[in-house]
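Reader: Before I set anything up, could you walk me through this one, and can we jump between topics as I go?

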Amino acid sequence: RGGAEIVSPILYGAEGLNQITAVCTVLRSIGQRVNATTGLHVHHDARDMTVTQLKSVLYLYAKAQSVTAALLPTRVNRGWCRDINLSDAGRIGKGVKTASQIRSMTRGRYYTVNPEAYAAHGTLEFRQHSGSLSAAKITAWVVFTQNFMEASRGKASNASPIVDPRKPLIHRLLKQIGADTNCPFTKSARQNIVQRIYQNDPTF
């Protein structure tokens, strides 16, 4: 049988995360499954962001791809979510002066972060995560990727570009994007992300 795609309405805050849990519960109860061909695509509203902030999201995520590779080893540089080349993005980004030009920073939509979504929806689309019916994994990914947006907006009050190089890479990244707070949702997401990375690669 053919597969199906679940598309959510726009979700907001804690209630939105609770809706993810409810949908996953229903899908599992009726015997739905995912496989290696499925993906999870998360759109974050970017309509309020400046061109500098939009470029910052792509730069931050490109620098974090060694971490996301450890988190999602089956989704590394796949055809539908190729890695962003940091040097190419940086070179092209120098010529990007308006938000409408942000799409030129990749060669299409099939990258870990899709800037073409900005022109169509006013969002940035994070495409790297595998398909899942685990509400814990999905909500962790939503919060984790939102941290990239907030850090680029300058709204993550505890985000810091200066981090202790002796700390493991994942903890340095979490500090840089402001994901090391005690906010319940951020804390839960952080614990989920870190646990999965070390399960995949204990030496990371």
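Author: What follows is a conversation about a predicted model, going through a helix, a cavity, a pocket, some salt bridges and a few single residues.

Reader: Let's begin with helix 8; what end-to-end span should its 17 residues give, and what do the C-alpha atoms show?

Author: Helix 8 covers residues 184–200, and at 1.5 Å a residue it should span 24 Å, while its end C-alpha atoms are 25 Å apart, which agrees with the expectation.

Reader: Which of its residues are buried, and what do they pack against?

Author: The buried residues of helix 8 are Thr186, Ala189, Arg190, Asn192, Ile193, Val194, Arg196 and Ile197. They pack against helix 3 (65–71), strand 3 (123–130), helix 6 and helix 7.

Reader: Take threonine 186 from that list; why does it count as buried, and what does it touch?

Author: Threonine 186 has a relative accessible area of 10%, and the cut-off for buried is under 20%, so the residue falls into that class. Leaving aside neighbours within four places in sequence, threonine 186 is in contact with Val143, Asn147, Ala179 and Thr181.

Reader: Changing topic to voids: how many cavities of 30 Å³ or more turn up, and what lines the largest?

Author: The count comes to 1 cavity of 30 Å³ or more, and the largest cavity has a volume of about 30 Å³. Its lining consists of Ala140, Phe144, Asn147, Leu174, Ala179, Thr186, Ala189, Arg190 and Ile193, and the elements that give two or more residues to that lining are helix 6 and helix 8.

Reader: Which element gives the largest share there, and what is the make-up by class?

Author: Helix 8 gives the largest share of the cavity lining, with 4 residues. By class, the lining of the largest cavity has 6 nonpolar, 2 polar and 1 charged residues.

Reader: And the second largest pocket, how much space lies in it, and which residues are closest to its centre?

Author: The second largest pocket holds about 170 Å³ of space. It is lined by 13 residues, of which the closest to the centre are Leu71, Leu72, Ser130, Lys137 and Arg196.

Reader: Which elements supply at least two residues of that lining, and how does it break down by class?

Author: Strand 3 and helix 8 each supply at least two residues of the pocket lining, and the largest share, 3 residues, comes from helix 8. The lining of the second largest pocket divides into 3 nonpolar, 7 polar and 3 charged residues.

Reader: I'll want to think about charges too, so how many salt bridges does a search of the whole structure find?

Author: The search finds 8 salt bridges. One of the pairs is arginine 153 with glutamate 150, where the closest N and O atoms are 2.7 Å apart. Both of these residues lie in helix 6 (residues 135–153), 3 residues apart, about one turn of the helix.

Reader: Why would that spacing suit a pair?

Author: An α-helix has 3.6 residues a turn, so residues three or four places apart point the same way.

Reader: Are those two side chains' residues buried or exposed, starting with arginine 153?

Author: Arginine 153 counts as buried at 14% relative accessibility, whereas glutamate 150 is partly exposed, with a relative accessible area of 21%. The two also belong to a network of salt bridges that links Asp48, Glu150 and Arg153.

Reader: What about aspartate 88, and which residue does it meet within helix 4?

Author: Aspartate 88 and arginine 91 both lie in helix 4 (residues 86–93), 3 residues apart, and their side chains meet in a salt bridge at 3.4 Å, N to O. Arginine 107 forms a salt bridge with aspartate 88 as well, the closest N and O atoms being 3.4 Å apart. That pair links distant parts of the chain, since arginine 107 is in the loop between helix 4 and strand 2 (113–114) and aspartate 88 is in helix 4, 19 residues apart. Arginine 107 is exposed, with a relative accessible area of 60%.

Reader: One last residue: where is leucine 173, and what does it touch?

Author: Leucine 173 is in helix 7 (residues 169–176) and counts as buried at 5% relative accessibility. Not counting residues up to four places away in sequence, leucine 173 touches Ala64, Val67, Phe144 and Phe148.

Note on methods
Residues numbered from 1 in each chain as written. Predicted model: local features only at pLDDT ≥ 70, side-chain atom pairs only at ≥ 80, totals over all residues. Heavy atoms only, no water. Buried < 20%, exposed > 50% of the residue type's maximum accessible area, 1.4 Å probe, protein only. Contact = heavy atoms within 4.5 Å. Salt bridge = Lys/Arg side-chain N within 4 Å of Asp/Glu carboxyl O. Expected span 1.5 Å × (residues − 1). 1 Å grid on protein atoms, 1.4 Å probe; cavity = no way out; pocket = protein on both sides within 12 Å on 5 of 7 lines; lining within 4 Å. Points joined across faces, edges and corners; volume = space filled by probe spheres on them. Nonpolar A, V, L, I, M, F, W, Y, C, P; charged D, E, K, R; others polar.
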